[in-house]
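Colleague: Could you take a close look at one part of this model for me? I'd like to hear about a loop residue and then the packing around it, in as much detail as you can give.

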Amino acid sequence: FVYLARAQQMLLGAWPVRDFVDPGFLLMYVVSAAGLTVFGHNLLGEVLIVCGAFAAAAALTFTLSRAAAGSAAAAGFAVALQALAYPRSYSYPKLPLHALAIAMCWAYLARPTRARRLGLAGLVAVASLFRPDHGMVIGLAAIVAIVWADDRPAGARAKTACRFAAM
């Protein structure tokens, strides 16, 4: 409940870094603070946030798995594995962010456009604000997809990857 305590501190006027140590989880605090504001100072908002994130991840996993395998049974198995992994509630952003990254990388590989590259950059930024390590992993996956989708020589691929990193 560390991020929930820090969300409470923010609601009481404290600022991350200035008033308390922040290892880079700003959006974790903001989302929890929003839940506390909307649903009152109890755990209902946090439960709804966590359950909503897990549900979104399950829906994305099912959709992606079904598209990849062409089978609803295989997709159901993938979602069951996700549930059996027993994800910790405090790391709720991990499942939907990474599933969304796979979907966006897949879409980019199908049709690489500047808009999709910009969308991937936005996702990396959001993931980094939840936890810096999520941003690193998703950013690396996005760079691999961007380089893979480019059929130009290595120098042009490197420029595209550098432009993505700058975004």
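Modeller: Happy to! D150 counts as buried, because its relative accessibility is 10% and the cut-off for buried is under 20%. Bear in mind that this is a predicted model. D150 sits in the loop between α7 and α8. Apart from neighbours within four places in sequence, D150 is in contact with A156, R157 and T160. Of the helices here, α8 covers residues 154–166, and α7 runs over 132–149.

Both helices also lead us to α6, since what covers the buried residues of α6 includes α7 and α8, along with α2 and α5. Those buried residues are R117, L120, A121, L123, V124, A127 and F130. The helix has 17 residues, so at 1.5 Å a residue α6 should span 24 Å; its end C-alpha atoms lie 25 Å apart, which agrees.

From there we reach the largest nonpolar core, which has 29 residues and in which Y92, I138 and F164 have the most contacts. At least two residues of this core come from each of α1, α2, α3, α5, α6 and α7, and α6 gives the most, with 6 residues.

Y92 is a nice place to finish. Setting aside its neighbours within four places in sequence, Y92 is in contact with Y3, M28, V31, E46, I49, V50, A53, F54 and F130. In that list, F130 brings us back to α6, as F130 is one of the buried residues of that helix.

Conventions:
Residues are numbered from 1 along each chain as its sequence is written. This is a predicted model: local features need pLDDT of at least 70, side-chain atom pairs count only at pLDDT 80 or more; totals for chains, interfaces and linings use all residues. Side-chain values use heavy atoms; hydrogens and water are left out. A nonpolar core is a set of buried Ala, Val, Leu, Ile, Met, Phe, Trp, Tyr and Cys residues joined through side-chain atoms within 4.5 Å. Buried means under 20% relative accessible area, exposed over 50%, partly exposed in between (1.4 Å probe, protein chains only). Helices (H or I, at least four residues) and strands (E, at least two) are DSSP runs, numbered from the N terminus. Contact means heavy atoms within 4.5 Å. The expected span of a helix is 1.5 Å times one less than its number of residues.
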